[in-house]
Each structure stands twice: as structure tokens, then as C-alpha cells.
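Q: Got a minute to walk through this one with me? I'd like to talk about helices, odd backbone spots and a few residues.

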Amino acid sequence: MSRACCLAACAVFLAARVALAQPSSTGAVAPPRSPRNANYVIDARLDPATRTITASEIITWRNITSRTVDDLRFHLYWNAWRDTRSTWLREATLAHVRYDRRPDEWSRVDVGRLILRQDQDDPGTDLTARATLISPDDGNVEDGTVMRVPLPRAVGPGGGATIEITWTAHIPRTFARTGALGNFFFIAQWFPKLGVLQNDGWNCHQFHSGTEFFADYGVYDVKLTVPHSWPVGATGVERERRDNADRTTTHRYYQEDVHDFSWTTSPDYLDLTERFEHPRLPPVEMRLLLQPEHASQARRHFDATRETLTHYGEWFGAYPYGHITIVDPAYQSDVDGMEYPTLFTAGTRWLVAPRSLTPESVTMHEAGHQWWYGMVGSNEFEDAWMDEGVNTFSTARVEGVSFSPSYLALRYFGGFVPYAFHDIAVSRELDRNRMGLYRAAPKSDLPASPSYGYFPSRVARNAISYAKTALWLNTLERHLGWETLQRIMASYFSRWQFNHPRPSDFFETASAVSGRDLGWFFDQVYRSSNVFDYGVEDLQSTKEGGSYRTSAVIRRYGEAMFPVGVRVTFADGERVDQQWDGRDRWKVYTYDRPSRAVSAQVDPDGVLLLDIDSTNNSRTLAPRGPRAATKWSLKWMVWLQDLLLNWAALA
Ligand SMILES: [Zn+2]
């Protein structure tokens with residue numbers, strides 16, 4: 001290489017370094033990454049004394065589908081908590097979750113005025129009186145979480161509208177991680193928000209107790225007026241701050257290429273910052289709004305966020321926004337971990353055990369949602385597994401790499417005091433992929449059915465959306481190898497970021513990238529509730545002449561099928577591994593060997609993490625009964641000795 005060439009290369013390298021070293025401090029993303037077809041300019045004022053928000057918004061919307069529509073549909077999420085007759089509260093009741101609230105602890109959103117402009121010269125039409133509340137999912141006339149506004153003129157492909165809305169909202173005592181406690185405010189899903197127009201019509205579901213959200217990407221430019229000197233955290237970057245004569249301050253936050261906007265304020269927050277840097281990823285300013293009693297845990301929050309930015313960035317794709325805000329909710333506020341674009345809530349307690357997973361686990365999960373929810377904007381109403389399950393799998397993998405070993409920690413004295421059991425390490429498969437949760441309700445719902453219709457209990461919902469998905473992805477990792485699965489997820493991310501993928505888009509990417517038709521797998525884990533259960537039904541080894549004849553009967557107890565390994569171990573140490581396609585109901589393996597068989601195992605490497613019963617996966621001919629007796633006798637003796645010592649001490 002010539003010197004000039006070398007200098008040019010150095011210049012390019014340095015320019016790249018400089019570009020990499022300049023995080024977006026303005027909320028701008030250049031060039032645009034999303035269609036930006038739903039843009040919001042909002043001006044909101046918080047009155048903490050009456051717990052109300054008075055606000056106005058201008059939505060600039062563009063129809064990017066091939067469909068012509070004659071109406072607009074908006075989410076009014078906070079109407080879910082007007083009274084107990086909403087669909088959200090009725091579903092919560094079905095799951096035996098009840099809310100005893102004082103009259104002023106409920107919420108509502110009252111639309112004051114709605115003006116529509118359909119082109120530049122349009123002076124505007126007041127459609128306030130024509131707006132109606134509809135219930136497209138269940139016909140519950142008392143719901144009120146979806147508003148329909150008929151259009152004076154239909155909007156065709158490429159057309160658009162500008163909508164001005166004024167509204168007043170009463171802030172609830174927290175429901176679904178949204179609300180207020182004392183002077184702590186966490187404000188999410190708080191503005192009248194357009195549904196998503198798709199080629200088959202509006203996708204604008206009612207608010208259900210078990211679902212989250214779905215919206216188009218755009219630019220958010222939001223002014224928030226709050227009491228003077230109260231720190232504010234919000235989606236995006238603070239571009240301006242102005243103190244007002246009435247002892248309030250107006251903060252203006254701005255962010256491009258996001259599909260939601262949430263914010264928080266409280267006079268109590270500690271406001272801390274750190275910077276994420278990585279040789280191959282863009283830098284990120286990390287801001288932590290921490291409760292003062294958790295000051296000693298700042299490092300743990302930053303480290304968990306840093307590990308997520310590192311590994312998700314390396315495995316799936318870079319985080320492009322240049323900043324991220326971590327919010328630590330107030331104690332007993334019921335604002336638990338939740339994801340919003342460029343901002344998320346974590347959650348911890350005053351006392352935490354070292355090398356346990358509080359606060360790391362929730363911090364990493366919610367930070368990880370910036371990828372699976374934030375940038376890959378799948379439909380959380382219909383396909384909850386695409387954000388929760390894919391993210392549970394991803395976070396578990398980062399935790400395994402970055403925070404192992406971690407130990408099981410239980411909380412005592414009303415949850416106040418944690419104790420970490422340093423002989424019980426947290427397992428990626430059992431704990432982080434939530435295997436126990438899946439086994440508790442493996443058939444509770446069909447994954448392919450819309451997830452807003454899953455049975456509303458937390459166990460049932462989480463078993464499918466979170467645990468089953470994490471387990472089938474981890475099974476796929478073991479079946480294909482991490483290198484292949486990582487390539488699948490990176491190309492899925494790259495193809496579908498700032499877009500709205502459907503389940504088939506993930507499945508098609510998986511088959512294309514792996515070069516194998518994986519339809520048989522997705523048919524079973526996604527389009528069916530069937531369970532996997534392989535077992536060793538019988539193992540015999542008898543002497544025949546000079547050798548032993550061994551037969552192992554392997555059985556498929558579940559309806560679902562997966563290729564499994566079969567391993568038989570002999571007394572002389574020989575180990576024979578074979579592969580079974582796992583399709584028939586049973587298969588017998590026979591061996592003539594000089595030695596007697598000791599044990600038989602199906603799926604000895606634990607590839608099939610979806611197997612709902614591992615206790616039948618092996619069988620041994622070596623009697624183990626005395627071992628169990630010894631173990632339990634010793635445990636009992638220790639307990640008895642402890643009792644006698646206590647008795648002696650008190651006597
Ligand atoms: Zn989640």
C-alpha cells in the first residue's frame with residue numbers, strides 16, 4: 001500500500017471513528033429509518049394537585065397502504081380504567097385480579113375538540129360531535145378505548161390528514177404501570193393515538209388486560225409543562241427548557257423514528273449519566289433517573305444496560321438513537337419494568353443481594369425491548385411472542401454470558417430482606433427461559449391465535465408468550481447451532497427494523513437463512529398446542545451365552561415430534577449414541593455387548609427444552625434406592641440435631 005493510499009485509508013478510518021463517536025444529542029435520526037407516517041406534536045401540562053393533564057396534539061398522518069379508508073381510529077387507552085365495566089377490568093376480574101380504588105384513583109380521557117384537515121387549503125372541519133366510541137373486538141358498549149371518526153372525504157393510498165385534538169386526562173393510581181403515587185408520575189399510553197392502517201383495514205384493538213400496544217413510526221415533538229425543578233425523563237432528547245412565571249417549567253422533548261412516547265416526573269429523582277462506548281457500535285448516552293434510596297445501585301443499572309447494548313448490538317444490530325433513559329419507579333408505585341422507545345422502567349428494592357438478578361434481570365429485559373418492540377415493531381396485541389418471547393430468549397442469553405454465575409435469591413420479612421443461595425446458580429434454561437412457567441400451563445392457549453384473546457391470567461399468558469417462545473428459540477439454537485440462529489435473528493432484525501413484521505416473516509427468515517425448511521417445527525410450536533414428551537419406557541439387559549442382550553424402548557408420549565438422540569451406557573464404560581427421527585409412537589433399540597447396560601437416555605444432550613417431563617427421559621439398571629434413603633436420613637438427622645440444639649439453648 002502506498003503512503004497516499006495509507007493516509008486516505010487513515011482519513012476514512014478516522015472519519016468513521018468520528019462519526020461513530022458523535023451520538024445523536026438532538027433526537028434526530030439521519031437518514032430516516034422508518035416511514036414516519038404518524039407524527040405527533042403535543043403540548044401537555046401536568047397539574048399534580050388535581051392529577052390532571054390538559055393537552056393538545058397535532059397528528060400528521062399519511063396512508064402508506066394500498067387501501068382507501070373512510071374513517072380514522074384512535075386508541076383512548078386510559079378509558080380502560082374509568083370503571084369496572086371496561087373490557088380491561090372485566091378481563092382482570094376473570095383472572096381474579098381486583099382493584100379496590102377510591103373514586104379519584106380511576107382515570108379517564110375526555111376529548112374536547114377534534115379538527116380535521118385533509119389538505120393544505122382545508123380550513124378544517126370540527127368532527128368532535130361525529131366521533132364515537134366503538135368496541136371492534138368484543139362489542140362491549142361500555143368499553144370506550146377505541147374512538148372512530150368518520151372522514152368527510154375518503155383517504156386513498158398516499159393521501160393523508162392532519163388532526164388537531166385537545167383533551168383532558170385524569171391520571172389514575174397506577175394501572176398497568178401507568179399512573180401516579182404521591183409526587184411520582186409515570187405517564188404512558190396517555191394521548192389519543194392513531195391505530196395502524198393496514199392493507200386489510202384499521203388495526204386498532206381495544207385495550208385488553210393482557211395486551212400491550214401497536215402503532216406506526218413517526219416523529220414526536222412534545223412539550224411537557226411540570227412544576228419548576230422537577231426532573232423530567234421522556235422518550236427522546238430534551239431540546240429546550242423554559243421556566244414560566246407560574247413556577248412551572250416547560251421541557252421540550254424530540255425523537256424521530258419511534259412509535260410511542262412516554263414520560264415521567266418526580267422531584268425525588270437522582271439524575272445520573274454514563275456513556276456507552278464500543279469499538280464497533282455507535283456510542284449511547286445512558287441516563288438513569290434513580291430513586292434516592294437506591295443510590296448505591298446505580299452501577300448495577302448502568303452495567304446491565306451496557307451489557308444489553310453490547311450483546312444485542314453485536315448479535316442483532318446497532319442501537320441507533322444515541323441515548324437511552326433508565327427509570328427507577330417509586331416504591332409501591334406498581335410501575336414495574338416496562339419498555340417505551342428510548343426509555344424504559346426497571347425496578348429494584350432497597351436491599352438487594354450481590355450476584356442475584358435484581359436489578360439486572362428486569363433492566364436487561366426492558367433495555368432489550370428496544371430491539372424487539374422498539375425497532376422491530378411487531379403487533380403486541382396479536383403476536384405478543386414476537387416481542388416478549390424473542391426478548392426473553394435474547395435477555396437470557398445475555399445474562400448467561402454477562403452475569404454468570406448468579407444465584408437464586410428469595411425475599412423474606414414481607415419481601416424486605418433478600419437472601420441469595422450460593423449453592424443454587426440461576427440456570428439459563430430453567431430460570432431465565434422460565435421452563436417451570438411453561439410446564440405450568442403448556443396448553444393454555446394456541447400461540448397462533450391473537451394474543452389479546454389469550455386467557456387473561458398472568459400464568460397462562462406468560463407461559464405461552466414468554467416461556468414457550470424462549471424455550472423453542474433455545475431449542476432451535478441447540479438444534480441448528482448458535483451461529484446459525486444468530487444469523488437468522490440478525491437478518492430478521494435487519495430486514496424488519498422500523499417495520500411491522502408478522503409471524504410468517506420470522507419463520508420465512510429462519511428457513512431461508514438456515515437453508516432448511518423449518519416449517520415442521522413452527523407448525524408444532526406455533527400453530528399447535530401439542531406438547532413434546534419423550535421417555536425411556538423400558539430397559540432390559542440379560543445374559544445370553546457369553547454376552548448381554550440389551551433392549552431399550554423409547555416412547556413418544558406427547559403429540560409433537562422432534563428428532564432426538566438415544567444414548568445407552570454399558571457397565572464397561574462403552575457409550576452408544578443413536579439418532580431417532582422421533583416420529584413413531586415408540587422404537588426399540590437392541591444391542592449385543594460383552595457388558596450389561598447401565599442406563600438409557602433419550603435426548604441426553606437436552607436439545608429439546610420443550611419436553612414437558614424430563615423425569616422419564618432416562619432409566620437405569622443400577623439400583624439407586626439406597627442413595628435416596630441415605631440422603632433423606634441425613635437431612636432428617638441434621639434437622640433433628642438443629643431442633644435439639646435450639647431446645648437445649650432455650651431450656
Ligand atoms: Zn417484556
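What follows is a chat about helix packing, unusual backbone geometry and a few single residues.

Q: Before we start, what kind of model is this, and how are residues numbered?
A: It's a predicted model, where local features need pLDDT of at least 70, side-chain atom pairs count only at pLDDT 80 or more, and totals for chains, interfaces and linings use all residues. Residues are numbered from 1 along each chain as its sequence is written.

Q: And where do the helix and strand numbers come from?
A: They are DSSP runs numbered from the N terminus: helices are H or I with at least four residues, strands are E with at least two.

Q: OK, helix packing. How do helix 3 and helix 4 cross?
A: The axes of helix 3 (residues 298-315) and helix 4 (residues 360-368) come within 9 Å and cross at roughly 40°. Axes here are lines fitted to C-alpha atoms, for helices over the stretch in contact, and angles run from 0 to 180 degrees between N-to-C directions. Helix 3 and helix 4 are therefore oblique to each other; angles under 35 degrees count as roughly parallel, over 145 as roughly antiparallel, 65 to 115 as roughly perpendicular and the rest as oblique.

Q: Which residues of helix 3 and helix 4 meet?
A: On the helix 3 side they are Arg300, His301, Ala304, Thr305, Glu307, Thr308 and Tyr312, and on the helix 4 side Glu360, Thr363, Met364, Ala367 and Gly368. Contact means that the C-beta atoms of two residues, placed from the backbone, lie within 7 Å.

Q: What's the mix by class where helix 3 meets helix 4?
A: The contact of helix 3 with helix 4 has four nonpolar, five polar and three charged residues. Ala, Val, Leu, Ile, Met, Phe, Trp, Tyr, Cys and Pro count as nonpolar, Asp, Glu, Lys and Arg as charged, and the others, Gly among them, as polar.

Q: What about helix 4 and helix 5, at what angle do they pack?
A: Helix 4 and helix 5 (residues 384-402) pack at about 130°, with axes 9 Å apart, and are therefore oblique to each other. Ser361, Met364, His365 and Gly368 of helix 4 meet Asn391, Ser394, Thr395, Val398 and Glu399 of helix 5. By class, the contact of helix 4 with helix 5 has two nonpolar, six polar and one charged residues.

Q: How about helix 8 and helix 9, how do their axes run?
A: The axes of helix 8 (residues 458-480) and helix 9 (residues 482-496) come within 6 Å and cross at roughly 125°. Leu476, Glu477 and Leu480 in helix 8 meet Trp482, Thr484 and Leu485 in helix 9.

Q: Switching topic: is helix 12 largely in the open or buried?
A: Largely in the open, because the number of buried residues among its 26 is zero. A residue is buried if 20 or more other C-beta atoms lie within 10 Å of its own, exposed if 12 or fewer, and partly exposed in between, with C-beta atoms placed from the backbone.

Q: And which residues of helix 2 are buried?
A: In helix 2 (residues 87-94), those are Thr87, Trp88, Leu89, Glu91 and Ala92.

Q: Now the backbone. Which peptide bonds are cis?
A: One is the bond from Thr358 to Pro359, with omega near 10°; Pro359 sits in the loop between strand 23 (343-345) and helix 4. Another joins Ser404 and Pro405, with omega about 0°, and Pro405 is in the loop between helix 5 and strand 24 (407-412). Most peptide bonds are trans, and most residues other than glycine have a negative phi.

Q: What's the phi of His96, then?
A: Near 65°, a positive value in a residue other than glycine. His96 is in the loop between helix 2 and strand 4 (108-117), and is exposed, with 8 other C-beta atoms within 10 Å.

Q: And Asp257, buried or exposed?
A: Buried, with 25 C-beta neighbours inside 10 Å. Asp257 has a positive phi of about 60° although not a glycine, and is found in strand 17 (residues 248-258).

Q: Last one: what is Tyr589 in contact with?
A: Leaving aside neighbours within four places in sequence, Tyr589 is in contact with Ala552, Ile554, Val566, Val568 and Gln578. Tyr589 is in strand 30 (residues 586-593) and is partly exposed, with 18 other C-beta atoms within 10 Å.
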